[in-house]
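Me: I am new to this structure and would love a close look at one part of it. Could you walk me through the sheet and the aromatic rings that go with it?

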Amino acid sequence: MFMNNKVIITISFFLLVLCVSCKNDKKVSGALIQNPITASGETDMSKLPKIEFVKTTHDFGDVSQGESIRYSFKFKNEGKSDLLIFSAKAGCGCTVASFPKEPIKPGEENYIDITFDSKGMYGFQNKSVSIISNAQPNTAILYIKANVKKGR
């Protein structure tokens with residue numbers, strides 16, 4: 001009987017730990033889970049935001065090693081509802097992107113700034129930044145290129 005009580009107490013303890021560790025107080029924004037594609041396949045895509053970039057690639061040409069350079073990618077919301085950008089993720093630590101945090105109304109223009117730090121780099125560099133938004137498709141990719149030359 002003592003052994004059964006010990007087993008029950010041990011199992012109860014592990015269940016308690018499991019329940020407490022699974023508690024998640026983070027709230028998910030409704031915008032993050034917005035998905036216009038329904039199970040029935042009936043979706044009015046014309047009412048969604050649409051992100052249109054003037055260009056998706058910028059070539060800086062030759063740059064000196066150690067130089068930090070920036071380019072602003074211009075875009076417009078060509079859709080019929082507010083465009084929300086959730087993130088801009090660069091492929092490496094040498095590239096940083098900043099983006100507008102506020103909604104972009106239909107017809108409005110804005111910029112995504114990408115900064116590339118050439119410190120420690122040499123030769124041809126091709127970097128990308130993934131833009132995640134509530135547009136469809138929800139991912140756009142921007143590219144920057146540079147030929148990093150050793151400083152004199």
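Reply: Here is a short tour of the sheet, followed by its ring pairs. This is a predicted model, where local features need pLDDT of at least 70, side-chain atom pairs count only at pLDDT 80 or more, and totals for chains, interfaces and linings use all residues. Residues are numbered from 1 along each chain as its sequence is written, and side-chain values use heavy atoms, leaving out hydrogens and water.

Let's begin with the strands, which are DSSP runs (E, at least two residues) numbered from the N terminus. Four of them form an open sheet in the order β1-β3-β6-β5, with antiparallel pairing; two strands pair if DSSP finds at least two bridges between them. Because β1 (51–53) and β5 (95–98) each have a single partner strand, they stand at the edges, and one side of each is left without a neighbour in the sheet.

The partner of β1 is β3 (residues 68–77), joined to it in the antiparallel sense over 3 bridges. One bridge partner is K76 in β3, which sits opposite E52.

Now for the rings. The structure holds 2 aromatic pairs (rings of Phe, Tyr and Trp, its six-membered ring, with centres within 6.5 Å; planes under 30 degrees apart are stacked, over 60 edge-to-face, the rest tilted). F53 and F75 make a tilted pair, 5.6 Å centre to centre with 55° between the planes. This pair links strand β1, home of F53, with strand β3, home of F75, across 22 residues. Both F53 and F75 are buried, meaning under 20% relative accessible area with a 1.4 Å probe, protein chains only. The rings of Y71 and F73 have centres 4.9 Å apart and planes at 80°, so that pair is edge-to-face. F73 is buried too, at a relative accessible area of 0%.

Terms used: Helix = DSSP H or I, 4+ residues; strand = E, 2+ residues; numbered from the N terminus. Buried < 20%, exposed > 50% of the residue type's maximum accessible area, 1.4 Å probe, protein only.
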